[in-house]
Each structure stands twice: as structure tokens, then as C-alpha cells.
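Open the model in your viewer and keep the sequence panel beside it. Each stop below says what to select and what is there.

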Amino acid sequence: LYKFAGYIEWPPSGFGGPGTPFVIGVMRDDAVAAELERIVPGRSVAGHPVAVRRLKPAQAVHGVHMLFVGGEEPDPATIRAAEAQGSLVVTESPRGLAAGSAINFVVASEHVGFEVSVEAAQRSGHRISARMLSVARRVVQKGA
């Protein structure tokens with residue numbers, strides 16, 4: 001999840017200033033939040049220190065750059081609200097992209113991969129690098 005950030009073009013308007021942290025919000029998955037809290041100290045994204053924020057469903061995501069929504073059934077309203085705030089949404093659901101997320105983790109043959117919706121990324125103001133798209137299991141282009 002953290003490594004995805006290096007392959008995404010983040011809008012400069014999403015940061016208040018040079019010391020403003022890059023915030024990864026985590027909703028409905030304490031294990032992911034704990035692992036991120038363990039690995040991000042001292043790391044940066046686009047020159048900004050990384051911070052992790054644990055969020056509850058329906059909690060405002062203002063100031064969150066990347067939102068991970070755990071669980072099998074992501075709430076499309078939560079995804080739309082995050083997208084409207086400029087957050088790039090990542091899920092781990094069989095219906096993640098259909099619910100509106102930009103990146104969705106998938107498991108196939110006991111290996112974790114990911115799929116990408118270029119359109120969802122663009123709606124939230126982000127551009128995903130061709131390098132990341134080339135290793136995605138599936139890429140959904142605009143209107144597909």
C-alpha cells in the first residue's frame with residue numbers, strides 16, 4: 001500500500017506546505033493500520049513525511065491523500081466522499097473497482113496482486129504511472 005504512493009502523481013494542491021504530512025487513512029482494518037504505523041516512520045512521499053490515520057466508517061477523510069478501505073463490501077458512498085475530497089481510494093474487495101475505488105487488491109493462486117481503474121484515479125485528481133499499470137493484473141480504462 002505504501003509503495004503504491006511512489007507510482008502516483010499527487011496534485012500539489014493536496015499539500016499545505018513542505019512539512020505537511022502525506023496521510024494514509026485506514027478504515028476497517030486495524031492490522032493494515034498497525035503494519036503501516038510500523039513501517040512509515042522516517043519515510044516520505046513526494047518529499048512529505050508519511051502519517052497514518054485510523055478512520056471509522058462515515059468519518060470525514062479531509063486531509064487524507066490515500067484511503068484504504070478494508071473488508072469485503074466497500075461502501076460506494078464512502079468511496080465517493082473520499083474521491084470528492086481528493087483521496088485516492090484503495091480497497092480489497094471482489095467488487096472494489098465496481099464500488100468506485102482506484103486500486104483494488106486481488107488474490108489469485110495464493111498471490112496478492114492489484115487492479116486499477118484509471119477513470120477513478122482521474123476523478124480524484126491522480127495519475128497512475130505506466131510502470132505501475134504494466135504490473136497490474138487488470139487495468140480498467142475510462143468508460144470501460
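Two strands count as paired if DSSP finds at least two bridges between them. Keep that in mind for the hairpin on this tour. The model is predicted.

**Stop 1: the sheet**

Show the cartoon and colour the strands. Eight of them form an open sheet, in the order 3-4-2-5-6-7-8-10, with mixed pairing. Now find the edges. They are strand 3 (44-45) and strand 10 (138-140), each of which pairs on one side only.

**Stop 2: strands 6 and 7**

Select residues 88-91, which make up strand 6. Strand 6 runs parallel to strand 7, and two bridges join the pair. Pick Val90 and look across to strand 7: its bridge partner there is Ile103.

**Stop 3: the hairpin**

Move on to strand 7 and strand 8. These two are antiparallel, paired over six bridges. Asn104 is a good place to look, as it stands opposite Glu115 in strand 8.

Follow the chain to the turn. The hairpin has two residues between its strands. Select Ser109, in the loop between strand 7 and strand 8. Its phi is positive, about 50°, although Ser109 is not a glycine. Is Ser109 buried or exposed? Ser109 counts as exposed because its relative accessible area is 66%, and the cut-off for exposed is over 50%.

**Stop 4: out to the edge**

Stay with strand 8, residues 111-117. On strand 10 the direction is parallel, with three bridges joining the two strands. Select Ser117: Val140 in strand 10 stands opposite.

**Stop 5: Ser101**

Select Ser101, in the loop between helix 3 (96-99) and strand 7 (103-108). Ser101 is classed as buried because its relative accessible area is 0%, against a cut-off of under 20%.

Show side chains here. Which side chain does that of Ser101 meet in a polar contact of 2.9 Å? The partner is Thr91. The Ser101 side chain also reaches the backbone oxygen of Gly96, at 3.0 Å. Now widen the selection. Beyond its neighbours within four places in sequence, Ser101 is in contact with Ile79, Val89, Thr91, Gly96, Ser117 and Ala120. Ser117 is the residue you just saw opposite Val140.

**Stop 6: Glu73**

Go to the loop between strand 5 (66-69) and helix 2 (76-84), where Glu73 lies. Draw a distance from its C-alpha atom to that of Glu92. The two atoms are separated by 8.7 Å, and the residues are 19 apart along the chain. Leaving aside neighbours within four places in sequence, Glu73 is in contact with Arg28, Ser93 and Arg95.

**Stop 7: Ala46**

Select Ala46, in the loop between strand 3 and strand 4 (48-55). Here is another residue other than glycine with a positive phi, near 50°. Ala46 is classed as exposed because its relative accessible area is 56%.

**Stop 8: the largest pocket**

Switch on the surface. The largest pocket has a volume of about 180 Å³. To centre the view, select Gly14, Val64, His65, Gln85 and Gly86, which are the closest to its centre among the 15 lining residues. Then colour the lining by class. How many of its residues are polar? The lining of the largest pocket has 11 polar residues, four nonpolar ones and no charged ones.

Notes. Residues numbered from 1 in each chain as written. Predicted model: local features only at pLDDT ≥ 70, side-chain atom pairs only at ≥ 80, totals over all residues. Heavy atoms only, no water. Helix = DSSP H or I, 4+ residues; strand = E, 2+ residues; numbered from the N terminus. Buried < 20%, exposed > 50% of the residue type's maximum accessible area, 1.4 Å probe, protein only. Polar contact = N/O pair within 3.5 Å; in protein donor to acceptor, adjacent residues only side chain to side chain. Contact = heavy atoms within 4.5 Å. 1 Å grid on protein atoms, 1.4 Å probe; cavity = no way out; pocket = protein on both sides within 12 Å on 5 of 7 lines; lining within 4 Å. Points joined across faces, edges and corners; volume = space filled by probe spheres on them. Nonpolar A, V, L, I, M, F, W, Y, C, P; charged D, E, K, R; others polar.
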